[in-house]
Amino acid sequence: MCIRDSGTSPPGYNPLGGVAVLASNTWSAEQGRKALEIDWDTGLNADYDSESYRQQLVDTSHREGKAVLNRGNVNAAFENAAKVVEADYYAPHLSHAPMEPPAAAAKMHEDGSVEIWAATQDPQSVQGTVASLLGIDKSQVKVNVTLLGGAFGRKSKADFSAEAAWLAKQTGKPVKVSWSREDDIRHGYYHSVSAQYLKGALDDEGNTTGWLHRSVFPSISSTFSAEATGPENFELSLGMLDNPYAIPNMRLESGDAKAHVRIGWLRSVCNVYHAFAVCSFADELAHAADADPRDYLLQLAGPSRKVNPADDGAEYSNYGQSLDIHPIDTARFKAVVEKVSAMAGWGRELPDGHGLGIAVHRSFLSTVGTVAEVRVDDDGKMRVEELWLAIDAGLVVNPDRVVAQMEGAGIFGMSLAMHGEITAKDGVIEQGNYDTYPVIRMGEVPKAINVHIMDVDAPPGGVGEPGVPPVAPAIVNAYFAATGKRVRELPLKKAGVV
């Protein structure tokens, strides 16, 4: 089972436990597995239901939470507002779902050491987990890193390598462990589910004078500590505490949430749902102010300056880097807004049923702007016609790789936005393969994903993850531009949009 079996023993990277079928070839092992009849003990989370849990998260987001950043007087801003805008945003659990599921091979040596071959993103974690499981020193664990294929964070976990090592020790023979896709999707480390509540105050001239943002989600830390009951500062630093907007009154809060499944890193981590809410709400405020979304985004960014969340009482991590070297720089943010909107021909006349949406988000020390053009047919179904992405990653050494990462981020982000959803019923994950957890097909891919790398003289930032977060909000903002209908829940398929 993928469900956590104990509220007091965090799973870490240890194997889940279960029954192993060993054979001389994969087909025989699979046949043996199919023949098994097992009565599973589903543990303390056997009644986990993602739909009822969603309501718990939403309810929590509607209550005052723990203040993690406070600027000015938000309550006064709302009391004096000419207009108040409120919105709830929800994003479900996600699976990494790479084409190449986890696999590892292990061999015990006569001296008690073990050698492992694995598609791992983190061989150090493999060493530590296997050493602890087998009761040996880390120096006795040799890890040979193979090609990863897809990973997206799933293969930073050591559980499948530990399975191979434990079985090799028990049998005294080399053992290869191959997870099926159903294994991977039903028993993985999931991207956290989240509910977010945002409230904005506008004055008579349409300026945003107050911003309240509450974020509620089970923490990645729950995988390692039974005491973790809600967001940690390092997670809130991923797209929430680093809000660049020049709003005089701002309050950011977090709310507690207990984990019921294993939570892990997925490409862009908490930026995925934080960007969805923040960038979508910025668009909502623009329309409430009867302003152009691109122009309003520049207005929200305010004067060119360096933002330090600590000035407003936040414990901000900045990805472990100095803000002096990697600042939250609104001048660079605005330059990305202007560039990506120019790339897309923002303001041009569009065919009937078409809309443009913009989203700009900083993550992993880089800023990416995305514009999506969508087409909505008479049946209400939406198609993404084209994407434009501009990235400020500071110094870029290999531009071809950056372009490839941005193109891949466009596809990955579209998959999450349009189809990605993991749900649980009676303690069991309901999805199992690409039929129930689809990624976008070739027919859904835009006719072009256009990428521009900003020429910036600054230390290099990330490129593997920053392209994903602004994709979903750009698409939903474009959908609103085309239809006048807001989507505040992912995936879009749930709203019948795709």
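Q: How do the residues of the lining of the largest cavity divide into nonpolar, polar and charged?
A: To read a lining, sort its residues by kind and count each kind. In this predicted model, the lining of the largest cavity holds seven nonpolar, five polar and three charged residues.

Q: How many residues line the largest cavity, and which lie nearest its centre?
A: A lining can be read as a list, starting from the middle. Here 15 residues line the largest cavity. Nearest its centre lie Asp 242, Pro 244, Phe 333, His 361 and Arg 362. The volume of this cavity is about 130 Å³.

Q: Which helices and strands supply at least two residues each to that lining of the largest cavity?
A: The next step is to trace the lining back to the elements of the chain. Two helices, α8 (271-288) and α10 (330-343), and two strands, β11 (328-329) and β12 (354-363), each supply at least two residues. The largest share comes from β12, with three residues.

Q: What is the volume of the second largest cavity?
A: The second largest cavity has a volume of about 110 Å³. Its lining is made of 14 residues, and those nearest the centre are Pro 327, Arg 332, Arg 362, Leu 365 and Thr 367. Arg 362 is also among the residues nearest the centre of the largest cavity. At least two lining residues each come from β11, α10 and β13 (366-376). By kind, the lining of the second largest cavity has seven nonpolar, three polar and four charged residues.

Q: How many cavities of 30 Å³ or more are there?
A: A count of cavities depends on the smallest volume accepted. With 30 Å³ or more as the limit, the count is seven cavities.

Q: Pockets come next. What is the volume of the largest pocket?
A: A pocket is open, whereas a cavity is a space the probe cannot get out of. The largest pocket has a volume of about 1,600 Å³. It is lined by 42 residues, and the closest to its centre are Val 19, Ala 20, Val 21, Arg 33 and Asp 183.

Q: Which element gives the most to the lining of the largest pocket?
A: That element is α1, with five residues. The elements that each supply at least two residues are α1, α5 (159-171), β6 (175-178), α6 (181-186) and β16 (428-429). Sorted by kind, the lining of the largest pocket has 22 nonpolar, eleven polar and nine charged residues.

Q: Which residues lie nearest the centre of the second largest pocket?
A: They are Phe 152, Ile 411, Phe 412, Ser 415 and Val 439, out of 19 lining residues. The second largest pocket has a volume of about 440 Å³. Its lining divides into twelve nonpolar, six polar and one charged.

Q: Which residues form a nonpolar patch on the surface?
A: A patch is read as a group of residues, with one area for the group. Val 19, Val 21, Leu 36, Ile 38 and Trp 40 form the nonpolar patch, and together they have about 410 Å² of accessible area. Val 19 and Val 21 are also among the residues closest to the centre of the largest pocket.

Q: Where is Ile 38 found, and why does Ile 38 count as partly exposed?
A: Ile 38 is in the loop between α1 (26-35) and α2 (50-61). Ile 38 is partly exposed because its relative accessible area is 37%, and that class runs from 20% to 50%.

Q: Is Asp 290 buried or exposed?
A: Asp 290 counts as exposed because its relative accessibility is 73%, and exposed means over 50%. Asp 290 lies in the loop between α8 and α9 (293-301). Although Asp 290 is not a glycine, its phi is positive, about 55°.

Q: What is the phi of Asp 426?
A: Asp 426, a residue other than glycine, has a positive phi near 55°. The place of Asp 426 is the loop between β15 (424-425) and β16. With 54% relative accessibility, Asp 426 counts as exposed.

Q: Which peptide bond is cis?
A: Omega is the angle to read here. The bond from Leu 490 to Pro 491 is cis, with omega near 0°. Pro 491 lies in the segment after α12 (471-483).

Q: What separates the C-alpha atoms of Thr 171 and Met 108?
A: A separation along the chain and a separation in space are two readings. Thr 171 and Met 108 are 63 residues apart along the chain, and their C-alpha atoms are 9.4 Å apart. Thr 171 is in helix α5 and is partly exposed, at 34% relative accessible area.

Definitions and conventions
Residues numbered from 1 in each chain as written. Predicted model: local features only at pLDDT ≥ 70, side-chain atom pairs only at ≥ 80, totals over all residues. Heavy atoms only, no water. Patch = residues over 30% accessible without salt bridge, like charges linked within 9 Å, V, L, I, M, F, W, Y side chains within 5 Å. Areas by Shrake-Rupley, 256 points an atom, 1.4 Å probe, with all protein chains shown as cover. Salt bridge = Lys/Arg side-chain N within 4 Å of Asp/Glu carboxyl O. Helix = DSSP H or I, 4+ residues; strand = E, 2+ residues; numbered from the N terminus. Buried < 20%, exposed > 50% of the residue type's maximum accessible area, 1.4 Å probe, protein only. 1 Å grid on protein atoms, 1.4 Å probe; cavity = no way out; pocket = protein on both sides within 12 Å on 5 of 7 lines; lining within 4 Å. Points joined across faces, edges and corners; volume = space filled by probe spheres on them. Nonpolar A, V, L, I, M, F, W, Y, C, P; charged D, E, K, R; others polar.
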